[in-house]
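This briefing goes through a protein model by topic. Please keep the sequence and the 3D view at hand while reading.

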Amino acid sequence: MPGQGNNVYIFPAIGLAVYATLAQNASPMKCLIAAAHAVAEQVTEAELNIGLIYPPQSTIMKTELHAAQRVAK
């Protein structure tokens with residue numbers, strides 16, 4: 001899944017944030033960075049230790065909402 005992180009976690013979160021806030025002048029780079037940081041925050045130390053670089057897909061809704069909230073700010 002490493003090659004698909006943007007499609008699975010980043011772009012949906014940005015889309016949700018822009019839609020929910022009706023943003024008109026969102027900086028694409030700032031949105032990408034905010035979403036990336038938010039997704040990275042959701043990876044636990046234990047998950048990193050076993051080689052995961054993305055949160056498990058079983059927590060995708062929680063991850064998406066967290067990332068969308070960060071982008072919306």
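The points below cover charged side chains, two helices and a few single residues.

The model is a predicted one. It holds one salt bridge, formed by R70 and E41. A second acidic residue, E64, is buried and has no salt bridge. Helices α2 and α4 each carry their buried residues on one side.

**The salt bridge**

- The side chains of R70 and E41 meet at 2.5 Å, taken from N to O.
- R70 belongs to helix α4 and E41 to helix α2, so this pair ties together parts that lie 29 residues apart in sequence.
- R70 is partly exposed, at a relative accessible area of 30%.
- E41 is partly exposed as well, and its relative accessible area is 44%.
- As background, side chains of opposite charge can pair when their charged atoms come close.

**E64, a buried acid without a salt bridge**

- E64 sits in helix α4, which runs over residues 60-72.
- For E64, the nearest side chain of opposite charge is that of K62, and it is 13 Å away.
- A salt bridge requires a nitrogen-to-oxygen separation within 4 Å.
- What does the side chain of E64 have at 3.1 Å from one of its polar atoms? The backbone nitrogen of A13 lies at that distance.
- Beyond its neighbours within four places in sequence, E64 is in contact with V8, Y9, P12 and A13.

**Helix α4**

- Helix α4 has 13 residues, and its first and last C-alpha atoms are 18 Å apart.
- That span is close to the 18 Å expected at 1.5 Å a residue.
- Its buried residues are T63, E64, A67, A68 and V71.
- Viewed down the axis of α4, these buried residues fall within an arc of 130°, so they line one face of the helix.
- M61, K62 and Q69 are exposed on the other side of α4.
- The cover over the buried residues of α4 includes α1 (5-21) and α2.

**T63, next to E64 in the list of buried α4 residues**

- T63 lies in helix α4 and is buried, with a relative accessible area of 1%.
- Not counting residues up to four places away in sequence, T63 touches Y9, V39, Q42 and P55.
- Y9 thus appears among the contacts of T63 and also among those of E64.

**Helix α2**

- Helix α2 covers residues 28-41.
- Its 14 residues should span 20 Å at 1.5 Å a residue, and the end C-alpha atoms are 20 Å apart, which agrees.
- Which residues of α2 are buried? They are C31, A34, A35, A38 and V39.
- These buried residues cover an arc of only 130° around the axis, which puts them on the same side of α2.
- The face turned away from that buried side carries the exposed residues M29 and K30.
- What covers the buried residues of α2 includes α1 and α4.
- V39, one of the buried residues of α2, is touched by T63.

**E47 in helix α3**

- E47 is found in helix α3, residues 45-49.
- Is E47 buried or exposed? E47 is buried, with a relative accessible area of 15%.
- The side chain of E47 reaches the backbone nitrogen of T44 at 2.9 Å.
- Apart from residues up to four places away in sequence, E47 touches Q42, L52, P55 and P56.
- Q42 and P55 are among the residues touched by E47, and both are touched by T63 too.

**L22 in the loop between α1 and α2**

- L22 is found in the loop that lies between α1 and α2.
- L22 is exposed, with a relative accessible area of 65%.
- The phi angle of L22 is near 55°, a positive value in a residue other than glycine.
- For comparison, most residues other than glycine have a negative phi.
- L22 and G51 are 29 residues apart in sequence, and their C-alpha atoms are 37 Å apart in space.

Key:
Residues numbered from 1 in each chain as written. Predicted model: local features only at pLDDT ≥ 70, side-chain atom pairs only at ≥ 80, totals over all residues. Heavy atoms only, no water. Helix = DSSP H or I, 4+ residues; strand = E, 2+ residues; numbered from the N terminus. Buried < 20%, exposed > 50% of the residue type's maximum accessible area, 1.4 Å probe, protein only. Lys, Arg positive; Asp, Glu negative; His and termini not counted. Polar contact = N/O pair within 3.5 Å; in protein donor to acceptor, adjacent residues only side chain to side chain. Contact = heavy atoms within 4.5 Å. Expected span 1.5 Å × (residues − 1). Arc of directions from axis to C-beta.
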